[in-house]
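Let's take a walk through this structure together. Have the sequence and the 3D view open side by side as you read.

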Amino acid sequence: MPKIMINPDLCNKCYTCVQICPAGIFIQKDKDSIPKVLGAIAEDFCISCGHCAAICPTQAIIHESFPEGSINPVRQELNLSSEQVFEMIRTMRSIREFRDKPIEKETIERIIDGAHFAPSSTNSQSTEFVVVSNKAVLKKIVALTSLFLAKTAKQLRNPVIMALFRLVVRNKAEDTLSILPKIDRYVDAFKNGEDKILYNAPLLLVFHGKKSIPLSDVNATLALHNASLVSRGLGLGSFYAGFVVEASHRDSKIPSILSIPKNNRIYGALVLGHPKFTYKNWIERRPPKVEWI
Ligand SMILES: Cc1cc2nc3c(=O)[nH]c(=O)nc-3n(C[C@H](O)[C@H](O)[C@H](O)COP(=O)(O)O)c2cc1C
C-alpha cells in the first residue's frame with residue numbers, strides 16, 4: 001500500500017494539501033481534479049509531519065503514519081488570546097521552592113506528552129525522557145553535580161590550567177572565571193548539607209537524544225520548554241538545571257545512573273515540584289538588544 005493516498009470520495013479539491021506540504025508531495029492539475037500523490041517523492045521526502053492530514057477539511061488524506069484515532073479535530077474554543085499567552089509567559093518564573101509533595105504519575109505523563117509535541121528537526125521527535133523521582137538517585141545527582149562544580153573551581157584556579165583555558169577560549173575566559181565565586185557558594189552550600197542544585201524537588205525530568213541526529217540538542221531544549229509551559233498550566237513550578245546538564249557532560253557517572261544509552265547525550269534537565277509560593281508581581285526584563293535590518 002502506498003505511504004499516502006487521497007480518498008476521492010471525501011476530497012473536496014480545496015488544494016490546501018498541495019499548498020501546505022513542505023515536501024511537495026501533492027500535485028493538482030486544475031481546480032476540478034483531485035490532487036495526485038507523487039509516490040516516489042513521498043517515499044523519499046515525506047517526514048510524516050502530518051500537515052496534510054491536519055489541514056484537510058474532509059479527512060480525505062490516508063497516511064500510513066496516522067492510523068485511525070491519530071487525527072483529532074482542533075477545538076477552536078480552547079484557543080488562548082494573545083493577552084493570555086503573554087500573561088503566562090511574563091509571569092512564569094524559575095521556581096526553586098517546593099512543597100514536600102510528590103507529583104502524580106498521570107501529571108508527569110501529561111507533561112511528557114506536551115514536551116513531545118514540540119517541533120523537532122525533520123520531525124525526528126528525537127527527544128527521549130528519564131523521569132527521576134527516586135530520592136536516593138536525586139541525592140546522588142546533587143552530590144555528583146556539586147563534586148563537578150568543586151572540581152571545576154579547583155581546576156580554574158590552577159595557574160597552568162587557567163593559562164591554557166585563556167588560550168583556548170580567549171575572550172570568553174573572563175566570563176567563565178567571573179562565575180568562580182558563585183560556584184564556590186554552591187559548593188559551600190553542599191558542604192553545609194543544603195541542596196542548591198535541585199532544591200529538594202520531588203522530580204527531575206531529563207531530556208536526552210541521539211548524538212547522531214542533527215539538532216538533537218535543540219529538539220530537546222524545545223521539548224523542555226514545552227514541558228515547563230505544560231507544568232505551569234498544571235499548577236506546578238520548574239526550573240532548568242543547567243549545572244546538572246554540564247556535570248553530565250563531564251562525569252559519565254551521571255548518564256550512567258540515569259541509564260542514558262551510550263549513543264545519547266543529556267541535553268536538558270527540568271526540576272519540577274509544587275510551588276511553595278505564589279508570585280504577586282511580574283518584573284520587566286532588561287531591554288533586548290535588537291538589530292532591525
Ligand atoms: C540554560 C539555563 C541553565 C540554567 N541553570 C540553572 C541552574 O543550574 N540552577 C538554577 O537555580 N537556575 C538555573 N537556570 C534558571 C535561570 O537562573 C533563570 O531562568 C534566570 O535567572 C531568569 O529567571 P526566571 O526564569 O525566574 O525568569 C537556568 C536557566 C537556563 C536557561
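**A tour from a serine to the ligand**

Let's start at Ser 33, which counts as buried because its relative accessibility is 18%, and buried means under 20%. Keep in mind as you look around that this is a predicted model. You'll find Ser 33 in the loop that runs between strand S2 (26-27) and strand S3 (36-37). What does its side chain reach? The side chain of Ser 33 reaches the backbone oxygen of Asp 30, at a distance of 3.0 Å.

Now zoom out a bit. The domain assignment splits out domain 1 (4-63) and domain 2 (88-293). Their C-alpha centres are 41 Å apart. For another feel for distance, pick Ile 41, which sits in helix H2 (residues 39-45), and then jump to Asn 192. Those two are 151 residues apart in sequence, and their C-alpha atoms are 62 Å apart in space. Ile 41 itself counts as partly exposed, at 30% relative accessibility.

Next, the cysteines. How many disulfides does the structure hold? Zero. Take Cys 11: it is in no disulfide, and the nearest cysteine sulfur, which belongs to Cys 17, is 6.3 Å away. A disulfide here would need the two sulfur atoms within 2.5 Å. Cys 11 counts as buried, with 16% relative accessibility. Cys 21 is also in no disulfide, and for Cys 21 the nearest cysteine sulfur is that of Cys 49, 6.4 Å away. With 14% relative accessibility, Cys 21 counts as buried.

Let's move on to the backbone. Most residues other than glycine have a negative phi. That makes a couple of spots worth a click. Leu 215 isn't a glycine, yet it has a positive phi of about 65°. Look for Leu 215 in the loop between strand S6 (203-210) and helix H10 (216-233). Is Leu 215 buried or exposed? It counts as exposed, because its relative accessibility is 53% and the cut-off for exposed is over 50%.

Ser 259 is another non-glycine with a positive phi, this one about 55°. Its place is the loop between helix H12 (253-257) and strand S8 (264-273). Ser 259 is exposed as well, with a relative accessible area of 60%.

Finally, the ligand. Which residues surround it? They are Arg 93, Ser 94, Arg 96, Tyr 199, Phe 239, Tyr 240, Ala 241, Gly 242, Phe 243 and Arg 285. By type, this shell divides into five nonpolar, two polar and three charged residues. Strand S7 (237-240) and helix H11 (242-250) each supply at least two residues of the shell.

Turn to the individual contacts and you'll see both side chains and backbone taking part. In the side chain of Ser 94, an N or O atom is 2.5 Å from an oxygen atom of the ligand. Arg 285 also has a side-chain N or O atom by a ligand oxygen, at 2.8 Å. With Tyr 240 it's the backbone: one of its N or O atoms there lies 3.0 Å from a nitrogen atom of the ligand. How much of the ligand does the protein cover? On its own the ligand has 620 Å² of accessible area, and the protein covers 59% of that.

Technical notes: Residues numbered from 1 in each chain as written. Predicted model: local features only at pLDDT ≥ 70, side-chain atom pairs only at ≥ 80, totals over all residues. Heavy atoms only, no water. Near = heavy atom within 4 Å. Polar contact = N/O pair within 3.5 Å; in protein donor to acceptor, adjacent residues only side chain to side chain. Areas by Shrake-Rupley, 256 points an atom, 1.4 Å probe, with all protein chains shown as cover. Helix = DSSP H or I, 4+ residues; strand = E, 2+ residues; numbered from the N terminus. Nonpolar A, V, L, I, M, F, W, Y, C, P; charged D, E, K, R; others polar. Domains from an automatic or database assignment. Buried < 20%, exposed > 50% of the residue type's maximum accessible area, 1.4 Å probe, protein only.
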